[in-house]
Every structure is written in structure tokens, then in C-alpha cells.
Amino acid sequence: MAKNKTLFECEACGNQQSKWLGKCPECGAWDSFIELKSQQVKVLKEIANLSLKASEAVCIEDVKLENFSRLDTGDEELNLVLGGGLVEGSLVLIGGSPGVGKSTLLLKIASNLAKKAKKVLYVSGEESKTQIKLRADRLEANTPDLFLLTELCLENILEELYKKDYAVLIIDSIQTLYSNKLTSAAGSISQVRELTFELMKVSKTQNISTFIIGHITKEGSIAGPRVLEHMVDVVLYFEGDATKEIRLLRGFKNRFGGVSEVGIFEMTPKGLISAKDLANRFFTRGKASAGSALGVVMEGSRALVLEIQALVCESSYPKRSATGYEKNRLDMLLALLERKLEISLGHYDVFINVSGGVKINETAADLAVVAAIISSFKNRPLSKDSVFIGELSLNGEIRDVFNLDTRLKEAKMQKFKNAIVPSKPLEDLQMRCFVAKELSQVLEWM
């Protein structure tokens, strides 16, 4: 009689092994492997067979383009991040820390879509209908075509989904649901994978647009197996401090558009609203103070003026800390200051903070960071009418950045008068632009 093959899976990351291991070779978790039951192994084979079906090769010139039908979500910022709207039949995963506004945003979006004669099913495994109704009253999200379902079992959700001609399905959240096909607990690797697989089949076959809310781990990644992010069409992350009003919605995967756009929202008593006109909330225009410099960064196609704050103080045990800025790049800039400008910071604490809770992911803010550090070190205030734009190389050169004219147009719109830039703009923006090719020239200007 043939012996059944055993399969073990890591509960932390989903890594699979043919035998039990004390430590996961993928994520490093200890004592995390559990033996999968025969039903769980069967589900894994079904998911694998979905992608192993034979298909015939087609000449690329014979492939006809399909026009994706998009739904207007009623929110300009979300439409921007999705690439122009919600694609019908797509699967969208939204992650974020607790309290950042995931459920609030999707309930408002559900109401917007329902008001356009689209039947929407909002499924919650965490809250009661009364709790959701109270939030809907606050958001003014009551509409006849929005239906609520508090259910944990996937099979019951699918049964309700087939009763009416629903166009949009919202799952809040994937970690709270379970399937009767598996005996493992809700939120486990096997359950999340099976649930996502079933929701993907329903979305594609029934042409239902589906939003899935996912919990995140303490490291900031979405809880569950990585296959969860591979299966869905769009992956969005909410960024921002729950204690502040500004939230950022950033795309990390989009099969129907780019991932460079960022949506800006503001939390108000009536929920999250588009905050595209709040660009001046990321900096202050008060009295000039030492250790503060202004830079312009690109978030997708949008330019944002940010305030870079630096604090340099003498210390016996020097520390380096950066909030919203990469610490490794900060260490490089400090070494550059000591090498090229002979500013020794070996006995000083250096703290960097980007106001507004924005995380800088590009190098065009290098010049503003250096200017803030020098300003704090020399206790020399910088003008609030000037912005610093430029990337610094290891030899002290200030290099060009992309979309310089777009950045300067945003600075001009925010009524800045001066700009320290690596090259002259192509257009005449009626701003005083000081071209600096080397870091020493910026020091002379200051």
C-alpha cells in the first residue's frame, strides 16, 4: 500500500517542506512548521493546477487588446492610485496599520458606488451591523443598494453573493474569515490562501470587483502568505500615523496601471476625504529657524514641498536617527560633509525628521537634508522663501533630478521666491534660481 506523502508548512510565511524543521529557512521563525492534513494538501494541488493548465502559444501580433471597463469610485485620490478607476472583475487588496482608516474609506467608497445604481455587498467579520450603521450615519453613507453582511464562513458569503446581482464585494477582513473545506483556524496560512483563491475565481467568473482588507504584521507587511499578494490584481498600502489627520495611500502592485501614484487623504469627522488641495500642510511658513530646510519631492506625478528638520547637538555618545528618511543615506551625507566641507560631526548627535509623516523614497531631497544639518550645526536660520532641490554624489557634486520644472512649478504655486537647483529650468517660471554644481557653493550661498 502506497504511503501518503507528508507536507509541512510554516505558519509565519507559508514555506513548505517535506519534513518538520525547527527553524524556517525562509523567514527564520522557530517551531512554526505544522503538518498539513489531506484536505489542505488537496486545496494546494487545486491552486497549483489552476496555473498548470496547458495553453496554446499565440503570435503577439495576433493578440487583440481588451478594453478594461472601469468604475468611478467617487473619490479622485483613489481613482488616481487605481489608475483611473476600479476595473470591473478586479481583486484589490488594501493593507494598513489598525485605525488608519481602511474600513472607513471602503465604506464611503461602497456608498459612492451604490449611489450609482451598483449593488454593493459589505461583508464584515469584525464588527456588527449596528457598529457599521453608526459609522455609515457619520459618513452619510446610507443608500438602498448598499447591503451589510456580518459573516465569517466563506460558503455562506458566496451563497448570499449569488442571490442578488452584486457588482462590488468588500471583505473586512480576510484574516477573520474561514472556509469549511479546511479545519485550520481562521487567519492561518492555509485559510487565507484558500479564501483568496475562491474570491479570485468568483471575481473573474462573475465579473465582480472585490476589495479585500488585510491586517499587517509588526514589520509592516500584510499578514499571511506572499501568495496573497501574488493572486490579487492590485495591492495598496495605507501609510500615516493614526494620531494625525493626513493619510497616504500608496500602490505597490497594479496590473491595470502604474504604481507610481500616491493618494493623499485627510481624516475628518465625516471620514476620509481627498486632500489634494492640502499640499501646504507638509511645511510651515512661519519665522525662519535654524535646522529647517524646504525641499520638493515627487510622489507619482504630484510634487510635494516638504519641510526637513534637523537637530545637531554635542554629545559624548553620538547618535544618528532619521524619521521619514533613509538612515543609511543620512550616514553617507554626514561622511560627505566631513570629507568635502570639513564639518566634523563625530561628537554630535544628528536627528532628521520629515514633517507630515511622509517617507522620502528618492534622492532629490539630499540637498535639503544637508542644508538643514548645516543650518542646525551653525545655528544659522534659512529663509522660508527658498527651496533646495538636488541629489548629492559621493564626490560632492550636485546632480540633476527628473521633473525639475514640475517641482519648481509647485514651489512657485506655493509662493516660494528662491530655489537652489543643479541646473536652470527649461521654462521661465519667474523664480530666482541659483545653480549650484558643488556642495561648497551651497555653503557659500548660506
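This is a short chat about cysteines, a small set of strands and a few backbone details in a predicted model.

Biologist: Hi! What should I know before we start?
Modeller: The model is predicted, so local features need pLDDT of at least 70 and side-chain atom pairs count only at pLDDT 80 or more, while totals for chains, interfaces and linings use all residues. Residues are numbered from 1 along each chain as its sequence is written, and side-chain values use heavy atoms, with hydrogens and water left out.

Biologist: Thanks! How many disulfides does the structure hold?
Modeller: Zero, where a disulfide is a pair of cysteine sulfur atoms within 2.5 Å. For Cys10, the nearest cysteine sulfur belongs to Cys24 and is 3.7 Å away.

Biologist: And is Cys10 buried or exposed?
Modeller: Buried, because its relative accessibility is 0%. Buried means under 20% relative accessible area, exposed over 50%, and partly exposed in between (1.4 Å probe, protein chains only).

Biologist: On to strands: what is the order in the open sheet of three strands?
Modeller: The order is β2-β1-β3, with antiparallel pairing. Strands (E, at least two residues) and helices (H or I, at least four) are DSSP runs, numbered from the N terminus. Two strands pair if DSSP finds at least two bridges between them; β1 (residues 8-10) and β2 have two.

Biologist: Which residue is the bridge partner of Phe8 in β2?
Modeller: That is Gln17.

Biologist: New topic: which peptide bond is cis?
Modeller: The one from Asp172 to Ser173, with omega near 5°. Ser173 sits in the loop between β9 (168-172) and α6 (189-206).

Biologist: What about phi of Glu342?
Modeller: Phi is near 55°, a positive value in a residue other than glycine. Glu342 counts as exposed because its relative accessibility is 71%.
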